[in-house]
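What can be read from a protein structure when its elements, its buried residues and its charged pairs are taken in turn? The report below is for a reader who meets this structure here.

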Amino acid sequence: MDRKTRDRLFEPFFTTKSQGTGLGLSTVYGIVKQSGGCILVDSEPGNGATFRIYLPLTEGEPAAGAGHGEEGDHRARGEMVLVVEDDHGLQRLLEKMLVNLGYRVTVVGGGGEALLMFGGTEVRPGMGGKELVGRRRQLQPEVKVFYMSGYTDDVIVHHRIIDSSIPCIRKPFARRELALKIRGLLGQG
C-alpha cells in the first residue's frame, strides 16, 4: 500500500474497499493499545504488507479468579441471550461461552436480522448497535442490553458509536468477565 493509505490505516471507518466498514484494523489497533502494546506496518505497493504486534511481557502469575475458572453464582438462571455479531468466528466463540454458562442462545449476524426477530418491519441493512438498541427499545423498553466493543474509549466518544448510558464490555474478554457482566445487568449477581 502507498504511504497515504498507510497513514490512515487504523482510522475508524477508513477502508479502501467498495464494501466494508473500515472497522477491522481500527479494532485491532484499539485492542493492542489497550494492552499496552504497539503495532507496526511495513508495506510497499505491489509487495503486500507485514503487521508486527508487540505486547508487554509479564512475569507474574495471573490474578486470582482470572481466566476460565468457575463462575459460581454468575451462571445462567434460565435466561435467553441474543448475540448480534457480524464476525462468524466470534459468533461461534460467544455462543459456546454462553451455552457453557447455561444460557439459551440465539446468534444473528446483524441488527436488521435481530430487529425482525422482535417484530420490526422496516430494516436498514448495515444497522449499527446504537440504532438497533434504540429501535429495539421502542418495541420493548424493558429489554436488557450491553455492547461489546474493541474500540478505545476515545474512539467511541469521538464517533458516538454507542450510547454511553448503556454498559459495555471491552474485547477481548474472558468468559468469567462475560458472566459477571450479564449477571450484573440482570441484577442477580
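The text below goes from the overall make-up to the strands, two helices and the salt bridges.

This is a predicted model, in which local features need pLDDT of at least 70 and side-chain atom pairs count only at pLDDT 80 or more, while totals for chains, interfaces and linings use all residues. Residues are numbered from 1 along each chain as its sequence is written, and side-chain values use heavy atoms, with hydrogens and water left out.

## Overall make-up

The protein holds seven helices and six strands, where helices (H or I, at least four residues) and strands (E, at least two) are DSSP runs numbered from the N terminus. Along the sequence these elements follow the pattern α-α-β-β-β-α-β-α-α-β-α-β-α. Of the 189 residues in the protein, 32% are buried; buried means under 20% relative accessible area, exposed means over 50%, and partly exposed lies in between, with a 1.4 Å probe and protein chains only. Among contacts between residues at least 6 apart in sequence, 48% join residues at least 24 apart, a contact being heavy atoms within 4.5 Å.

## Strands and the elements beside them

Strands β1 and β2 pair in the antiparallel sense over six bridges; two strands count as paired if DSSP finds at least two bridges between them. The two strands form a hairpin with five residues between them, and Gly46 in the turn has a positive phi of about 85°. Within this pairing, Cys38 stands opposite Tyr54 in β2. Tyr54 can also be placed relative to Gly36, since the two residues are 18 apart in sequence and 8.9 Å apart in space, C-alpha to C-alpha.

Gly36 itself lies in the loop between α2 and β1, where it is exposed, with a relative accessible area of 52%. This glycine comes just after α2 and takes a positive phi of about 80°. Helix α2 spans residues 24-34, and its buried residues are Ser26, Thr27, Gly30 and Val32. The cover over these buried residues includes β1 and β2.

Elsewhere, β3 and strand β4 (residues 104-108) pair in the parallel sense over five bridges, and Val81 has Val105 in β4 as its bridge partner. Together with α3, these two strands make a right-handed β-α-β unit; a crossover is right-handed if, with the strands pointing away from the viewer, the path from the first strand over the helix to the second runs clockwise.

## Helix α7

Helix α7 has twelve residues and reaches 17 Å from its first C-alpha to its last, close to the 16 Å expected at 1.5 Å a residue, the expected span being 1.5 Å times one less than the number of residues. Which residues of α7 are buried? They are Arg175, Leu178, Ala179, Ile182 and Arg183. Seen down the helix axis, the buried residues of α7 fall within an arc of 125°, so they line one face of the helix; the arc is that of the directions from the helix axis to the C-beta atoms. An α-helix has 3.6 residues a turn, so residues three or four places apart point the same way. Covering the buried residues of α7 are, among others, α3 (88-100) and β6 (168-170). After the helix comes Gly187, whose phi is positive, near 75°.

## Salt bridges

Side chains of opposite charge can pair when their charged atoms come close. The structure holds three salt bridges, each defined as a side-chain nitrogen of Lys or Arg within 4 Å of a carboxyl oxygen of Asp or Glu.

| Salt bridge | Closest N to O |
|---|---|
| Arg8 and Glu11 | 3.1 Å |
| Asp42 and Arg52 | 2.8 Å |
| Arg183 and Glu79 | 2.8 Å |

In the pair of Arg8 and Glu11, Arg8 is partly exposed at 38% relative accessible area, and Glu11 is partly exposed at 32%. Asp42 lies in strand β1 (residues 38-43) and Arg52 in strand β2 (residues 49-54), so their salt bridge ties together parts that are ten residues apart in sequence. Asp42 is partly exposed, with a relative accessible area of 40%, and Arg52 is partly exposed as well, at 33%.

Where do Arg183 and Glu79 lie? Arg183 is in helix α7 (residues 175-186) and Glu79 in the loop between β2 and β3 (80-84), so the pair ties together parts that are 104 residues apart in sequence. Arg183 is buried at 0% relative accessibility, and Glu79 is buried with a relative accessible area of 16%.
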